[in-house]
Amino acid sequence: MAIKLTIDQGNTAAKAAVWRDDSIVAETVHRNLTGADIELLADDFGGRFDASIYSSVKDPDDRVIATMVDRSRRFIELTDKTPLPVKVAYSTPSTLGRDRIAAVVGAYGLTAGNWTLIVDCGTAITYDVLSPDGVFLGGNIAPGVYMRLEALNHYTARLPLVETSGDCPRWGTDTETALRSGAISGVVSEMRYYRNLLPVADPKVVLTGGSADLVSQRAGFDLIVDTEIVSKGLNSIINYNENI
């Protein structure tokens, strides 16, 4: 059985997942991922991974990459040149977020043959469209739930900064709930709008990201909620590159 490491470096944290074939056997989240963290994970699994992949939405960390190369029999840094099991129809693939690529690949493993909207609800929210035959057609980017709340606080004189957790009625009954409900309901409405733009009546919708739970219960339609979709996509990319 192959032991593999996937690293998903996001805007605020990095998620490391260790895979035994296609099952996650260990997972850690790091605010500041270091080479030492990789070494500790490797030591827990015999000192060396059969394969590893690094994906980052920020500038790559050369020290982390060097450690992954040292502790892996085969290493992939996800770029716009990496062979993928889906086709990317984005006009500027070099500017496409690596997390978006991985999420689309992960979703394709769940919904192949269906029109699919992939919603990654994190610091920013991405809405990406995947055709039934595995073509990533593009998508849109919008502020995340907390970013909306931060912006309302920053760009106004008197609106407070409120947390995403707490009461969220349909209509706010005070300033706190008005802000929270406005931010979360706005995201839910966006998600419904983009879903309705797809050319079938009942497309698949895959929801992931740190704010997935905030919006999933208010969606009003069937969702596939999978907070591991990016890691699954990275694992699929490793598998795909082993077979070409």
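A residue is taken as buried when its relative accessible area is under 20%, as exposed when that area is over 50%, and as partly exposed in between. In this predicted model, Asp-21 has a relative accessible area of 32% and is therefore partly exposed. Asp-21 belongs to the loop that links E2 to E3, and its phi angle is positive, near 60°, although the residue is not a glycine.

The two strands that flank this loop also take part in the surroundings of helix H1, which spans residues 35–44. Within H1, the buried positions are Gly-35, Asp-37, Ile-38, Leu-41 and Ala-42. These residues lie on the same side of H1, because the arc they cover around the axis is only 155°. In an α-helix there are 3.6 residues a turn, so residues three or four places apart point the same way. The buried residues of H1 pack against strand E1 (3–9), strand E2 (14–20) and strand E3 (23–30), and also against helix H2 (62–70). On the face of H1 that is turned away from this buried side, Leu-40 and Asp-44 are exposed. After H1 comes Gly-46, for which phi is positive, near 85°.

Helix H2 shows a comparable division into faces. Its buried residues are Val-64, Ile-65, Thr-67 and Met-68, and they fall on the same side of H2 because they cover an arc of only 165° around the axis. The cover over these buried residues includes E1 and H1, together with strand E4 (51–56) and strand E5 (75–77). Asp-62 and Arg-63, by contrast, are exposed and sit on the face of H2 turned away from the buried side.

The packing of H1 on H2 can be described further. Two packed helices are characterised by the angle between their axes and the distance between the axes. For H1 and H2 the angle is about 25° and the axes are 8 Å apart; since angles under 35 degrees count as roughly parallel, the two helices are therefore roughly parallel to each other. Their crossing is right-handed. At the contact, Gly-35, Ile-38 and Glu-39 of H1 meet Arg-63, Val-64, Thr-67 and Met-68 of H2, and the residues of this contact divide into 3 nonpolar, 2 polar and 2 charged.

A second pair of helices is formed by H4 (residues 145–154) and H5, whose axes come within 9 Å and cross at roughly 135°, an angle that makes H4 oblique to H5. H4 passes H5 in a right-handed crossing. From H4, the residues Val-145, Arg-148, Leu-149 and Leu-152 meet Leu-179, Arg-180, Ala-183, Ile-184, Gly-186, Val-187 and Glu-190 of H5. By class, this contact of H4 with H5 has 7 nonpolar, 1 polar and 3 charged residues.

One of the H5 residues in this contact, Ile-184, was examined individually. Ile-184 lies in H5, which covers residues 175–197, and it is buried, because its relative accessible area is 1%. When residues up to four places away in sequence are not counted, Ile-184 touches Val-145, Thr-164, Cys-168, Leu-214, Val-215 and Arg-218. Between Ile-184 and Gly-106 there is a separation of 78 residues in sequence and of 25 Å in space, C-alpha to C-alpha.

Definitions and conventions
Residues numbered from 1 in each chain as written. Predicted model: local features only at pLDDT ≥ 70, side-chain atom pairs only at ≥ 80, totals over all residues. Heavy atoms only, no water. Buried < 20%, exposed > 50% of the residue type's maximum accessible area, 1.4 Å probe, protein only. Helix = DSSP H or I, 4+ residues; strand = E, 2+ residues; numbered from the N terminus. Arc of directions from axis to C-beta. Contact = heavy atoms within 4.5 Å. Axes fitted to C-alpha atoms, helices over the stretch in contact; angles between N-to-C directions. Parallel < 35°, antiparallel > 145°, perpendicular 65-115°, else oblique. Left-handed = near helix turned anticlockwise from the far one by under 90°. Nonpolar A, V, L, I, M, F, W, Y, C, P; charged D, E, K, R; others polar.
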